[in-house]
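Colleague: I should like to go through this model with you, beginning with the packing of its interior. Please set out the terms as you use them.

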Amino acid sequence: MPLHSLLDQIRGRTTPRLRPEQPPPKAPGHVASSLGLSSIGSTFSQLSQSYIGSSIKLLLLGSLIETGRRAFCWLIDRFGVRYSTTVRFTQGDPSYEWIVLFLTQENVWRRSREFVVSASNSRRKWAVRASSDATVKANAEYVPTYKTPQLFRWRGYWVEVKRSGNVGGGDVDVGPYPYPGPYGGEAGSIYITVYTLDMNVLSDLVEDARLRYLEVNRPNVVIHLSDSQNHYGPGQTWTTVKHKIRRPLSSIILPPGVIDTLVQDAQEFLNTENWYIEAGIPHRRGYLLHGPPGTGKTSTIYALAGALNLEIYSLSLASHAVDDSFLQRAASSIPKHGLLLIEDIDCAFASRDDDIYPNHGIPHLPGAHIPAPRSKVTLSGLLNVIDGVGSEEGKLFFATTNHIDRLDAALLRPGRIDRKVAYGLTTPAQAHALFLRFFPVARFPVFADPEKATGVDALAAAFAAGVPEELFSTAELQGFLQGYKTRPVEAAHGVSAWVEAELAERRERERRKEERRRRTPMVGVGLDGLPLPEGNKNV
Ligand SMILES: Nc1ncnc2c1ncn2[C@@H]1O[C@H](COP(=O)(O)OP(=O)(O)OP(=O)(O)O)[C@@H](O)[C@H]1O
């Protein structure tokens, strides 16, 4: 160690020694500014280093999270697609009714938080009762708006239910079911998703829904109606469902054997599908019930459907919404063993004299010409439907008419109409039976008429004798008897006077009709030889 350094150490002071490589000291002012800049610079560089570092870290973290989220969604999607099955039930299809009932029974919407309150409706099945108080129950129902998806357990599986479809303008559910109803809007759909690997679970669920529906409707006949083409938008056909209490076959009063033969025939048809297949004959059967109004044609079909457990799909060709393509669609959406009913089938092919002698209940003004309604359905369109073109087999087809003579021979040929059943005005035997249906012996004392010591059977005979043979329909007699629900004696004695009054009224109606016809200016003679009223020149 050099001597001066050693001396410095001994003195206890250290004098900075300039190393030869260090730059010479600068002026005091210059040093200060140099020192400030460098600290700012270093602070800035430190800051920017930490900022960029944090940003990068954040970026990495965000990317990691997003990637994780996407991977998770992907997994969920994969899981959803692979391990769940979804089906859609669209309103207008019969299966929609099954699922509505099923969900109601499962009380799926009990956690709904948005309701439309409505007055009680005996037909509504789709409501939640908010109170256990019987009087409240009877007066108001809470119909869920069904917006939120609901999860529920069925036989140990998780099932999710969702609903779609707008509700005609406002978001209000109207009518007995949670779908738009006659207020427009698209058809409602219900989506059911079952979370399971087993595909059969879903079909089991649908079958369960169907069986419950059949069970609930056992005391009823289910009638699907096709009100209008645009009811729920294109594709929707059977838009309304009605439930009628099943009518016993014995309540239909017809000549002996008529109804039994009909039921046996339909039952045999349903039981012999294989025979039809082996014989190469299309498995369908057509029936035409014809005769005057009010003689029991429709009642027979309802009672038969009830006895054979069939659902009725009824449509009217008079509706202007029904054309060939609609008819085809409607017929092909009827499930197997459904009964297609076309009432008043002749109205599709109105004859020329309809304009002169309207039977549609439209009062004719003197001299006025009101054209009879014409259907948009063509004969060939109707024949295609009856032939079952494009639709499943195993269906019964029933038609009714008051004018069999107006029907085209092509429509009546076997294979289309296999059985024709004629209905007539009431015979004395039918009048007798009708009286006893109103006043059964069991409910009325042995001597219903104590003065003459006669029972209801004798009164029924007197009633039948007072009704001229085949002049009145059963519906007309039923109307008369309804005025005497608990008074068989008055009913039996009063029928002759009623008959007189009815016949006098008919004569008067005929007279007025004849007079109107005479006053209506005629312009020629139609192809059928009948006079044509003004406005009918081109017919
Ligand atoms: N043969 C019958 N047996 C029992 N009830 C009958 C009979 N005919 C008519 N009725 C009663 O009359 C009413 C009308 O009957 P329904 O509608 O079956 O007659 P319809 O022949 O189909 O008439 P339309 O040709 O006008 O459609 C029903 O209430 C039904 O109970």
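Modeller: A residue is buried if 20 or more other C-beta atoms lie within 10 Å of its own, exposed if 12 or fewer, and partly exposed in between, with C-beta atoms placed from the backbone. The model is predicted: local features need pLDDT of at least 70, side-chain atom pairs count only at pLDDT 80 or more, and totals for chains, interfaces and linings use all residues. Residues are numbered from 1 along each chain as its sequence is written.

Colleague: Which residues of α13 are buried?

Modeller: Helices (H or I, at least four residues) and strands (E, at least two) are DSSP runs, numbered from the N terminus. Contact requires C-beta atoms, placed from the backbone, within 7 Å, and the cover over the buried residues of α13 includes α12 (428–438) and α15 (488–519). The buried residues of α13 are Val456, Leu459, Ala460, Ala462, Phe463 and Ala464.

Colleague: Which helix gives the most to the largest nonpolar core?

Modeller: A nonpolar core is a set of buried Ala, Val, Leu, Ile, Met, Phe, Trp, Tyr and Cys residues joined through C-beta atoms within 7 Å. The largest has 64 residues, and those touching the most other members include Leu340 and Phe463. The helix that gives the most to this core, with 6 residues, is α13 (residues 456–466).

Colleague: Why does this core lie between two domains, and which are they?

Modeller: Domain bounds come from an automatic or database domain assignment. Both domains give residues to the core, so it lies between domain 2 (240–422) and domain 3 (428–525).

Colleague: Why does Tyr96 count as buried?

Modeller: Tyr96 is found in helix α3 (residues 94–105). Leaving out residues up to four places away in sequence, Tyr96 touches Phe89, Thr90 and Gln91. Its C-alpha atom is separated by 7.9 Å from that of Ile190, 94 residues apart along the chain. Tyr96 counts as buried because its C-beta neighbours inside 10 Å number 22.

Colleague: Which strands are at the edges of the open sheet of 7 strands?

Modeller: Two strands pair if DSSP finds at least two bridges between them. The order is β8-β7-β10-β11-β12-β9-β13, with mixed pairing. Strands β7 (residues 220–225) and β8 run antiparallel and are joined by 6 bridges. Each edge strand pairs on one side only, and the two are β8 (240–245) and β13 (419–422).

Colleague: What is the bridge partner of Leu225 in β8?

Modeller: Strands of a sheet pair through backbone hydrogen bonds, either parallel or antiparallel. In β8, the partner of Leu225 is Thr240.

Technical notes: Two residues are in contact if their C-beta atoms, placed from the backbone, lie within 7 Å.
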